[in-house]
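Me: I would like to go through this structure slowly and ask, for each word used about it, what earns that word. Could you set the values against the cut-offs as we go?

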Amino acid sequence: MNDSTANPAGPLSGIRVLDLSAYIAGPYGCALLADQGAEVIKIEPPTGDNLRKYPSTLEAESRAFLGVNRGKRGIVLDLKQPAALAVLKRLVERADVLVHNFRPSVPARLGIAYEQLRDINPRLIYCNVTGYGETGPDKDKAGYDQVLQTMSGMCAMQGKAGGPPEILYGSVVDYFAASLVANGVSSALFARERSGQGQYVGVSLLRSALTMQSARLIWADGEPREIGRDMRSGGITGIHPTREGYLYISANTPHFWRALCEKIGLPELAADERYDTVRKRAEHRDEIVQRLRGALAQHSALEWEALFGEEVPCAAARNVEDMFDNPQVLAEDMIATFENPNVGQYRGFKQPIRFGDTPGPVPMAAPAFGQHSDEVLLGEGWSTEDIAALRSTHALL
């Protein structure tokens, strides 16, 4: 049984998820489901999830793999072997959800296309994470976060005016796609409660990249091609140098604009009609920013953050390492201590959503390679002899 059974129930407790996906989008989507109480079994090929092989300053395991795969049990199956495929199909019989990120032409060759698994379990929610979608000229191309960033205009928009496109680091498209995986699967489970039937759920990195740009992706009739579509407000909003460190300031509303001017000792800026709207401040950006930065040079970024308090939205630029012991992060109980057989103890992010009545289980560490193969199969009725036979043919690792 899942270790989480002794923990508080989550909204998805009792739901079983088979995670055949790799990298970030599919696996983290399944981790979000595990956060909410679902039992997630990560099924890897003999070569392992490629994210395990990514460069990492941790020697025993990829830092990215640990962060993306919390809350799961892990087994290893070679689905190219009939015996392993038979194991998967038996797991599918009792599963509620299956998630993978194979390209559209691959599942049928493996014998795990939606139509093939639906015959085994009509209640199955089948989620396929692709690069470009299920149809069209690019459907069989491999899709990756930064490829889709570049294709969809995100990098061109991120770059400075007149400069080259720039990548948004942090796998933002992958993580947004992961949220769509968790959202889409949860909605399909809700629909199943009404209909009794499972369904196909499609998530693509292309859809994710365009969804993230919904505020820009508007083209009115008669508008020219080259027109400002960015939602950046301009003006003083942005990152500014201080006496020590950098400070991000967002003061677009009249209230916050007045508070900023008063706090930095330039109340006359707030009283000047030339600067009394966000649009006007953007037009006069150069003259305002020069005076703003002169005032900000009086204190460090951390000092300004304290001085502004709740009156001016801002943040001193920090490193991610600072978040482990940040008072607000700790107060919100966002960090947990995990135990992994290879790495030992490590701290990592815990859960993104708070549920008042169904808080969900304490998250488990990401699994070591094949860590729970025996445990999962024994729990499903395989004997030790059956498991040994599967291992002898390398169908199971």
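**Two helices that cross**

Reply: Let us begin with a pair of helices: α1 passes α8 in a right-handed crossing. Please keep in mind throughout that this is a predicted model.

Me: Which residues make the contact between α1 and α8?

Reply: On the side of α1 the contact is made by Ala25, Tyr28, Gly29, Leu32 and Leu33, while α8 contributes Asp174, Tyr175, Ala177, Ala178, Ser179, Val181, Ala182, Val185 and Ser186. Contact here requires heavy atoms within 4.5 Å.

Me: Why are α1 and α8 called oblique to each other?

Reply: Helix α1 (residues 25-35) and helix α8 (residues 172-195) pack at an angle of about 50 degrees, and their axes are 7 Å apart. Angles under 35 degrees would count as roughly parallel, and those from 65 to 115 as roughly perpendicular. The angle of about 50 degrees falls in neither range, and therefore the two helices are oblique to each other.

**Strands in parallel**

Me: What makes β1 and β2 a pair?

Reply: Pairing asks for at least two bridges between two strands, and strand β1 (residues 16-19) is joined to β2 by four bridges, in the parallel sense. One place to look is Leu18, whose bridge partner in β2 is Ile41.

Me: How do you know that β2 also pairs with β3?

Reply: By the cut-off of at least two bridges, the five bridges that join β2 to strand β3 (residues 72-76) are enough, and these strands run parallel. Within this pairing, Ile43 stands opposite Ile75 in β3.

Me: What do β1, α1 and β2 make together, and what do β2, α2 and β3 make?

Reply: The elements β1, α1 and β2 make a right-handed β-α-β unit. A right-handed β-α-β unit is also made by β2, helix α2 (residues 63-68) and β3.

Me: Why is β2 said to be largely enclosed by the rest of the structure?

Reply: A residue counts as buried when its relative accessible area is under 20%. Six of the six residues of strand β2 (residues 39-44) are buried, so the strand is largely enclosed by the rest of the structure. Both faces are covered, since Glu39, Ile41 and Ile43 on one side are buried, as are Val40, Lys42 and Glu44 on the other. In a regular strand, side chains alternate between the two faces of the sheet.

Me: What makes β3 largely enclosed?

Reply: Five of the five residues of β3 are buried, so β3 is largely enclosed by the rest of the structure. Lys72, Gly74 and Val76 point one way, Arg73 and Ile75 point the other way, and all of them are buried.

**An open sheet**

Me: Why are β7 and β9 placed at the edges of their sheet?

Reply: Three strands form an open sheet in the order β7-β8-β9, with antiparallel pairing. Strands β7 (238-241) and β9 (314-316) each have a single partner strand, so one side of each is left without a neighbour in the sheet. From one strand to the next, the twist averages 25 degrees.

Me: How do you know that β8 and β9 pair?

Reply: Strand β8 (residues 246-249) is joined to β9 by three bridges and runs antiparallel to it, which satisfies the requirement of at least two. Tyr248 stands opposite Ala315 in β9. Helix α13 (residues 285-296) packs on this sheet, touching β7 and β8.

**Buried or partly exposed**

Me: Why is Leu260 called buried?

Reply: Leu260, in helix α10 (residues 254-263), has a relative accessibility of 0% and therefore counts as buried, the cut-off being under 20%. Beyond its neighbours within four places in sequence, Leu260 is in contact with Ile236, Ile249, Ala251, Leu292, Phe308 and Val312.

Me: Why is Asp333 called partly exposed?

Reply: Buried means under 20% and exposed means over 50%; the relative accessible area of Asp333 is 42%, so Asp333 is partly exposed. Asp333 lies in the loop between α15 (327-331) and β10 (335-340), and has a positive phi of about 55 degrees although it is not a glycine.

Conventions:
Residues numbered from 1 in each chain as written. Predicted model: local features only at pLDDT ≥ 70, side-chain atom pairs only at ≥ 80, totals over all residues. Heavy atoms only, no water. Buried < 20%, exposed > 50% of the residue type's maximum accessible area, 1.4 Å probe, protein only. Right-handed = clockwise from strand over helix to strand, strands pointing away. Axes fitted to C-alpha atoms, helices over the stretch in contact; angles between N-to-C directions. Parallel < 35°, antiparallel > 145°, perpendicular 65-115°, else oblique. Left-handed = near helix turned anticlockwise from the far one by under 90°.
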